[in-house]
Amino acid sequence: MEALRISSGFPLRSSIKRASRSPTLPHALSLSAPGMRNLQPSSAMEAARSSKSGWSGRRGLSVVAGSGSDNGSTKSAPQIGESFFRSVLASMEHVYLNRNPTAKAILELVQSNCEERICYDHLAFRTFAVNGYGIDSMAKFFLDFGYTQREELRFPAKKLKALWFSPPGTEKSSSGSGMYGPLPRIFISELLVDQMSPQAQEIIKRYTHGFGGGEYAALASSVGSLTWGTPSSSEFQQLAGESEYAAWTLVNGYALNHVTISAHRLKSHLREINNLNQFIAENGFSLNSEGGVLKVSPDGLLLQSSTVADSRSFHFSDGATAPVPCSYIEFAERLVLPQHTNLPVSEVKEHHRRDGFEVGNADKIFESTSKEQLTKKTVAH
């Protein structure tokens, strides 16, 4: 069995086709891309404040939970204010968009076509399950705002575990876009380091030991910095040979792995994910083809796709400079649950739709940062 779900409830082509009306991203998100080490916390937070009006993988068993289920959930009373919370999310997004031109261009393209706001279905992060750097390190920030822990997903072949978290007050959503729109679900995964080879464990533990664990996970993500030292190119290559997830996390840390456009919340024909996929491909972007471009849950109600990750130049500690995979953008369409199909379209809310995540879909989405997919992207372009 390669995957088990436990129930408790990505260079940008210069010849991009543009719509007649092409909006400009808010000033904060139009800045030149900062380097990993020279983006200061103050500038990131200022960018977040100024962007408030704009943006700011079937291999296993599956048990589907209804959207309203709280079975096995862990709730937390809010301990931080909404303005601060959204500002941190916007800073994370600012770093993400400056490092990933494909995601930035697609968001502009979709918005110009729809002439409306973009809503995020979920945000995703990767972590190391060692020395306090695992899921809990990033989850704390979201739990402190009142998010609820939901289901656990397992990916034995990849040596991964994941948890997803539902947002508070989903029906009292903001009318803004991106991080200032409806609060997204959160998907956090972790590499089960103790299942790796002794050599891989030694490398990961060397960088995660003695740096305060994951106490600064959300801060690191919002300012675009690693919380540990810069690795060598040989260490990166050694990890990549065993786990591309591990190598990605070593050089990207807590950076946003991807954001996901909620397709069904769009108003144009792009609300159907097959139309959205065709639109993205026709505009010159590469989609993750692992298991087919469209990933469909066993119940047929969760439809997902994603681009192939962008690459960026990374300066290793041994003086070498080489491209490493960065992040990508995903698309998701959640269909209406069977018991609510008789509702008028105008009355369908998010809680009437298929909730949660699917191991088979996620297992293939993970491949958006794989060498195989990046190689296909390079050949295609």
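This passage describes a helix, a cavity and the salt bridges of a predicted model. Local features were taken at pLDDT of at least 70 and side-chain atom pairs at pLDDT 80 or more, whereas totals for chains, interfaces and linings use all residues. Residues are numbered from 1 along each chain as its sequence is written, and side-chain values use heavy atoms, without hydrogens and water.

Helices (DSSP runs of H or I, at least four residues) and strands (E, at least two) are numbered from the N terminus. The end C-alpha atoms of helix α2 (residues 82-99) lie 26 Å apart, in agreement with the 26 Å expected for 18 residues at 1.5 Å a residue, the expected span being 1.5 Å times one less than the number of residues. Of these 18 residues, 15 are buried, so α2 is largely enclosed by the rest of the structure. Buried denotes under 20% relative accessible area, exposed over 50%, and partly exposed in between (1.4 Å probe, protein chains only).

The strand β3 (120-128) supplies four residues to the lining of the largest cavity, the largest share. That lining comprises nine nonpolar, five polar and three charged residues; Asp, Glu, Lys and Arg count as charged, Ala, Val, Leu, Ile, Met, Phe, Trp, Tyr, Cys and Pro as nonpolar, and the others, Gly among them, as polar. A cavity is a set of points on a 1 Å grid over the protein atoms alone where a 1.4 Å probe fits but cannot get out, and lining residues have an atom within 4 Å of a point.

The structure holds 17 salt bridges, each a side-chain nitrogen of Lys or Arg within 4 Å of a carboxyl oxygen of Asp or Glu. Arg 354 pairs with Glu 358 (3.1 Å, N to O), and both residues are buried.
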